[in-house]
Amino acid sequence: MDKKIPFNINASAQGQTALIRITGTIGWDTDCEQFRTMIDGIAKNGIADAHLYLNGPGGSCFDAEEIVNIIQSVFTGRVTGEGGALVASAYTRIAAICETFEQPENGMFMIHKPSGGAYGTAKQIGSYLKLVTDIEANYFNIFKAKATDAATFEKQWEAGDWWMTAKEAKANGFISSVKENTKIDADTNAMIMACGCPASIIPIINDNKNEETMDLKAMAKALGLSENATEAEIQAAIASAQNAAADLATLKAENARKQKEADEKRNKAEVEAAVKDKRITADNEKMWVEALTENYDKNSKLLASLSPVAKIPTNTGGGKTATGTVKHQGKTFEELQEEDPDALAALMEDDIDTYDELYSNYLVRNNLK
């Protein structure tokens, strides 16, 4: 969901048990260090048991993992928990550490694969991919160990979001008990629907015979509708918003694809022009395309600054030997390519004249021009 629910986490002592309350979108204003300081202070009093209250749509799986690490490292006794109306995504990872976990009958429990996005070099994207893959494997193993039917779990895991009522979550092994209905106000109801909860389940979680559980006027106002809007109109508006969000995501992906294609076409055209102008040779074409892809602004200027190669007289002074071979620090162009490519790259950036001289001599000696 695009709208972030303010994150709150606090802890207090009640007898010999620490009461920890976590609500909102994990990762938005999450301060794990402040949380650790908070519960360290409680643990100093000899408290080893903890009871968690969780209610929220999920958020950053990395921050959730850190919260789990802190709780497990501080409280060495019994950890139990209960959920509010919504325990979804990263919240289910925290719920999984509880020996017992209870949720109201009209609450929703949703598990799915962790997801994320990365931007940067191939190495950076590769590192992020490994990180997400490892976390996904960790989630898979944790939930599979709890599932009453491994085959059903694996099927649902691959299918996407697995929405369950509290009774279904208990039947599938993810929570241990179900209690009486809780009040679901307009904000919580909207949060559940905005998370992608199937419309067919919404009437079930609100069927508690309590008119206050769904304030239609407040929800209509939040959706920009008239306060007199019917429940059907409100449901339609929510569905429309969800469809609009999906369409936007598709549009962004398509624009990104088109931009990538345009960039690739531009880079290839600039490199081909440089080959045609004899500023570089065809054997370096791939290298230059990769350089432009990695940092277009910098390397495009460098490519444009190269001058066309020219034949160099064989009997010259300076760094040339009697046979007309140009060297830099005792090495020819091809020797630098083979033995010290970093030095050659540095010449391209810091001393283009020397680079051009070496490169042109290489072409002459090998009858490439």
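Helix α10 contributes 8 residues to the lining of the second largest pocket, more than any other element. This pocket, in a predicted model, has a volume of about 690 Å³. At least two lining residues come from each of α4 (122-146), α10 (231-276) and α11 (285-294). The lining comprises 19 residues, and those nearest the centre of the pocket are Tyr-119, Gly-120, Lys-260, Thr-293 and Glu-294. By class, 7 of the lining residues are nonpolar, 5 are polar and 7 are charged.

The loop between α10 and α11 contains Thr-281 and also Lys-278. Thr-281 has a relative accessible area of 14% and is therefore buried, the limit being under 20%. Leaving aside residues up to four places away in sequence, Thr-281 touches Val-275, Tyr-359 and Leu-363. Tyr-359 and Leu-363 are both among the buried residues of α15. Lys-278, by contrast, is exposed, because its relative accessible area of 52% is over 50%.

Helix α15 covers residues 352-365. Its 14 residues, at 1.5 Å a residue, should span 20 Å, and the end C-alpha atoms are 20 Å apart, so the two values agree. The buried residues of α15 include Thr-354, Tyr-355, Asp-356 and Leu-358, as well as Ser-360, Asn-361 and Tyr-362. The buried residues of this helix pack against α13 (333-339) and α14 (341-350).

Backbone geometry merits a separate remark. Most residues other than glycine have a negative phi. The following residues have a positive phi.

| Residue | Phi | Location |
|---|---|---|
| Lys-278 | near 65° | loop between α10 and α11 |
| Gln-329 | near 55° | loop between α12 (296-305) and α13 |
| Asn-367 | near 55° | follows α15 |

Gln-329 has a relative accessible area of 67%, which is over 50%, so this residue is exposed.

Confidence in the prediction varies along the chain. The average pLDDT is 83, and 88% of the residues score at least 70. Over residues 208-214 the pLDDT is below 50, and in the model this stretch makes 16 contacts beyond near neighbours in sequence. Residues 311-322 also have a pLDDT below 50, with 18 contacts beyond near neighbours in sequence. Where pLDDT is low, the predicted coordinates should not be read in detail.

Methods:
Residues are numbered from 1 along each chain as its sequence is written. This is a predicted model: local features need pLDDT of at least 70, side-chain atom pairs count only at pLDDT 80 or more; totals for chains, interfaces and linings use all residues. Side-chain values use heavy atoms; hydrogens and water are left out. On a 1 Å grid over the protein atoms alone, a cavity is a set of points where a 1.4 Å probe fits but cannot get out, and a pocket is an open set with protein on both sides within 12 Å along at least five of seven lines; lining residues have an atom within 4 Å of a point. Grid points are joined across faces, edges and corners, and a volume is the space filled by probe spheres set on the points. Helices (H or I, at least four residues) and strands (E, at least two) are DSSP runs, numbered from the N terminus. Ala, Val, Leu, Ile, Met, Phe, Trp, Tyr, Cys and Pro count as nonpolar, Asp, Glu, Lys and Arg as charged, and the others, Gly among them, as polar. pLDDT is the predictor's confidence in each residue, from 0 to 100. Contact means heavy atoms within 4.5 Å. Buried means under 20% relative accessible area, exposed over 50%, partly exposed in between (1.4 Å probe, protein chains only). The expected span of a helix is 1.5 Å times one less than its number of residues.
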